[in-house]
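Let's take a friendly walk through this model, starting with its aromatic rings and then moving on to strands, charges and surface. Keep the viewer open as you read.

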Amino acid sequence: MPRQLGELEDAVMTRVWQWNRPVTVREVLEDLQQERSIAYTTVMTVMDNLHQKGWVRREVDGRAYRYTAVSTRAAYAAALMNEAWSRSDNPAAALVAFFGMMSAEQRDALRDAMRIVVPTLPEDEVPPGGEAADEGADEGTEAADGAESEAGR
């Protein structure tokens, strides 16, 4: 399971993910310098650390390395969510609480994702446009309570 990236690691990986091509330390440095003062050696160390941790692979290009992301930002986010969920003593209640925090747009994205993962899911099993999530906090609490009592059996 991946550990959450630190602030500077995330800033570097954001560029590697966005550019979606092999990048040099110099390219990342020049882009980072538009928003902060940072040394070449600092960026080089961060990129070397990301390589050691398995986030990027690198290939020699002349006297420099070109770095490429090993996986996508989406895969990284999914791994973090899975880790947080799996550490819960009550995964069902954690999911209910997480879904309750979602915006209407996030619920729409979840619904679309569920249709991809479970393509035979009938339309009526996935409520349209946030109906279930907007019905009130009491129902979410009841669902979480029910999940807790199920887990306690």
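## Aromatic pairs

With ring centres required to lie within 6.5 Å, the count comes to 4 aromatic pairs. One of them joins Trp55 and Tyr76: the ring centres are 5.1 Å apart and the planes stand at 80°, so the pair is edge-to-face, since planes over 60 degrees apart fall in that class. This contact brings together distant parts of the chain, with Trp55 in the loop between helix 3 (40–52) and strand 1 (56–61) and Tyr76 in helix 4 (residues 73–86), 21 residues apart.

Are Trp55 and Tyr76 buried or exposed? Both Trp55 and Tyr76 are buried. Trp17 belongs with them too, as Trp17, Trp55 and Tyr76 form one aromatic cluster.

## The overall layout

Please bear in mind that this is a predicted model. The protein chain contains 7 helices and 2 strands. Following the sequence from start to end, the pattern is α-α-α-β-β-α-α-α-α. The protein chain has 153 residues, of which 24% count as buried.

## The strand pair

Strand 1 and strand 2 (residues 64–69) pair in the antiparallel sense, over 6 bridges. If you would like a specific partnership to look at, Arg57 has Thr68 in strand 2 as its bridge partner. The hairpin of these two strands has 2 residues between the strands, and in it Gly62 takes a positive phi near 70°.

Two arginines in this part of the sequence have contacts to show. Arg58 lies over the face of Tyr65, at 4.1 Å from the ring centre. Arg66 forms a salt bridge with Asp61, with the closest N and O atoms 2.6 Å apart. Arg66 is partly exposed at 29% relative accessibility, and Asp61 is also partly exposed, with a relative accessible area of 40%.

Ala69 is found in strand 2 as well. With a relative accessible area of 18%, Ala69 is buried, because the cut-off for that class is under 20%. The C-alpha atoms of Ala69 and Leu50 are separated by 9.4 Å, and the two residues are 19 residues apart along the chain.

## Salt bridges around helix 1

Side chains of opposite charge can pair when their charged atoms come close. How many salt bridges does the structure hold? The structure holds 13 salt bridges. In one of them, the side chains of Arg36 and Glu7 meet at 3.2 Å, N to O. That pair links distant parts of the chain, 29 residues apart: Arg36 is in the loop between helix 2 (25–32) and helix 3, while Glu7 is in helix 1 (residues 7–19). The two partners fall into separate accessibility classes: Arg36 counts as partly exposed at 25% relative accessibility, whereas Glu7 is exposed, with a relative accessible area of 61%.

Another salt bridge joins the side chains of Arg15 and Glu35, at 3.1 Å from N to O. Arg15 lies in helix 1 and Glu35 in the loop between helix 2 and helix 3, so this pair ties together parts that are 20 residues apart in sequence. Here Arg15 counts as buried, at 7% relative accessibility, and Glu35 is exposed, with a relative accessible area of 52%. These four residues do not stand alone: Glu7, Arg15, Asp31, Glu35 and Arg36 are linked in a network of salt bridges.

## A loop residue with positive phi

Which residue has a positive phi although it is not a glycine? That residue is Asn20, with a phi of about 55°. Asn20 is found in the loop between helix 1 and helix 2. At 68% relative accessibility, Asn20 counts as exposed.

## A nonpolar surface patch

Finally, have a look at the surface around helix 6 (residues 104–117), where Ile116 is found. Met114, Ile116, Val117 and Val118 form a nonpolar patch there on the surface, and together they have about 370 Å² of accessible area. Within this patch, Ile116 is exposed, with a relative accessible area of 69%.

Key: Residues are numbered from 1 along each chain as its sequence is written. Side-chain values use heavy atoms; hydrogens and water are left out. Rings of Phe, Tyr and Trp (its six-membered ring) pair if their centres lie within 6.5 Å; planes under 30 degrees apart count as stacked, over 60 as edge-to-face and the rest as tilted. Helices (H or I, at least four residues) and strands (E, at least two) are DSSP runs, numbered from the N terminus. Buried means under 20% relative accessible area, exposed over 50%, partly exposed in between (1.4 Å probe, protein chains only). A charge sits over a ring if NZ of Lys or CZ of Arg is within 6 Å of the ring centre and within 35 degrees of the ring normal. Patches are made of residues with over 30% relative accessible area and no salt bridge: like charges are joined within 9 Å, nonpolar side chains (Val, Leu, Ile, Met, Phe, Trp, Tyr) within 5 Å. Accessible areas come from the Shrake-Rupley method with a 1.4 Å probe; for residues, only the protein chains shown count as cover. Two strands pair if DSSP finds at least two bridges between them.
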